[in-house]
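I sat down with this one today and kept a few notes as I went. Here they are, in the order I looked things up.

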Amino acid sequence: MVYPVAEVVRLLPSSRLPEYTFVPGKSLPHPYRDPKGHSYGNKPKPPKALTQENWMEHRNYLNAIDFFNLGYYWEAHDEWERLLRVCGPDSIPGRFLKGLVKLSAAGIKVREGSIHGVRRHAASAGEVFADVAAESNADHYCGLELTRLQFAADRAAQLKYPDDLTMGEPIRVFPFLLEPEPFPLG
């Protein structure tokens, strides 16, 4: 099943969306390496670190949430991966981002048709979110409810996914949205 994007309220509505969503191993040009790629020649600079204090103004983080919610899983993964490198994998923000990277990787695996990969990445994301909740002693992290993220990741690991998705078309494959609280005004 696919889910409508009409219900998605963008956090950064002025930010340009890519022409397509990349799916590794398929017939689409790599976004950065291929001259036909949607972001060729526009490799982004390293972002500033994500913190509990700056998430509401952090354009890279909010843009990645928009990408994820609209079905641009590779682009969300790419954005969160760059943030993870800046934050460091052993910091709490880094571990939180690792969970988001894994959740977006599950979306990529849906698009690749790898149900084993979906289950592995989604289940791992749920474990990471549970660990972040325990380590941070918080219900929310960077605006997202950790228990809800854990539940969403666990559910994503159990769903059946369509195998006839149009390549390159951004399609929501998960029955949930990442909805930060409070809602940032982009």
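I began with Glu112, which is partly exposed because its relative accessible area is 23% (buried means under 20%, exposed over 50%, partly exposed in between, with a 1.4 Å probe and protein chains only). Its partner Lys109 is partly exposed too, at 21%. The two side chains meet in a salt bridge of 2.9 Å, N to O; the term means a side-chain nitrogen of Lys or Arg within 4 Å of a carboxyl oxygen of Asp or Glu. They sit 3 residues apart in helix H3, so about one helical turn separates them. Salt bridges with shared partners also join Asp78, Glu79 and Arg82 into one network.

A note on ground rules: this is a predicted model, where local features need pLDDT of at least 70 and side-chain atom pairs count only at pLDDT 80 or more, while totals for chains, interfaces and linings use all residues. Residues are numbered from 1 along each chain as its sequence is written, and side-chain values use heavy atoms, with hydrogens and water left out.

**More salt bridges.** I found a count of 7. Arg82 pairs with Glu79, the closest N and O atoms being 3.0 Å apart. Both lie in helix H2, 3 residues apart; helices (H or I, at least four residues) and strands (E, at least two) are DSSP runs, numbered from the N terminus. Arg82 counts as buried because its relative accessibility is 5%, and Glu79 is buried at 7%. Glu81 and Arg85 form another bridge at 3.9 Å, N to O, and these two are 4 residues apart in H2. Here Glu81 is partly exposed at 25%, whereas Arg85 is exposed at 53%.

**A lysine without a bridge.** Which side chain of opposite charge is nearest to Lys102? I found Glu127, 7.8 Å away, and Lys102 is buried yet has no salt bridge. For charge, Lys and Arg count as positive and Asp and Glu as negative; His and the chain ends are not counted. Lys102 belongs to helix H3 and, beyond four places in sequence, is in contact with His121, Ser124, Ala125 and Val128 (contact means heavy atoms within 4.5 Å).

**Core.** The largest nonpolar core has 57 residues, and among those with the most contacts inside it are Tyr61, Trp80 and Leu178. Such a core is a set of buried Ala, Val, Leu, Ile, Met, Phe, Trp, Tyr and Cys residues joined through side-chain atoms within 4.5 Å. H3 gives it the largest share, 8 residues. Leu178 touches residues including Ile65, Phe68, Trp80 and Leu144.

**Helix H5.** I looked for its buried residues and found Leu146, Leu149, Ala152, Ala153 and Ala156. They fall within an arc of 120° down the axis, so they line one face; the arc is that of the directions from the helix axis to the C-beta atoms. Thr147 and Phe151 are exposed on the face turned away from the buried side. The cover over the buried residues includes H3, H4 and strands S1 and S2.

**Gly126.** This glycine is in helix H4 and counts as buried because its relative accessibility is 2%. Leaving aside neighbours within four places, Gly126 is in contact with Gln150, Ala153 and Asp154.

**Ser91.** Last stop: Ser91 lies in the loop between H2 and H3. Its side chain reaches the backbone nitrogen of Gly94 at 2.9 Å, and a polar atom of that side chain lies 3.1 Å from the backbone oxygen of Cys87.

Note on methods. A polar contact is a pair of N or O atoms within 3.5 Å; within protein, one must be able to donate a hydrogen and the other to accept it, and residues adjacent in sequence count only if both atoms are side-chain atoms.
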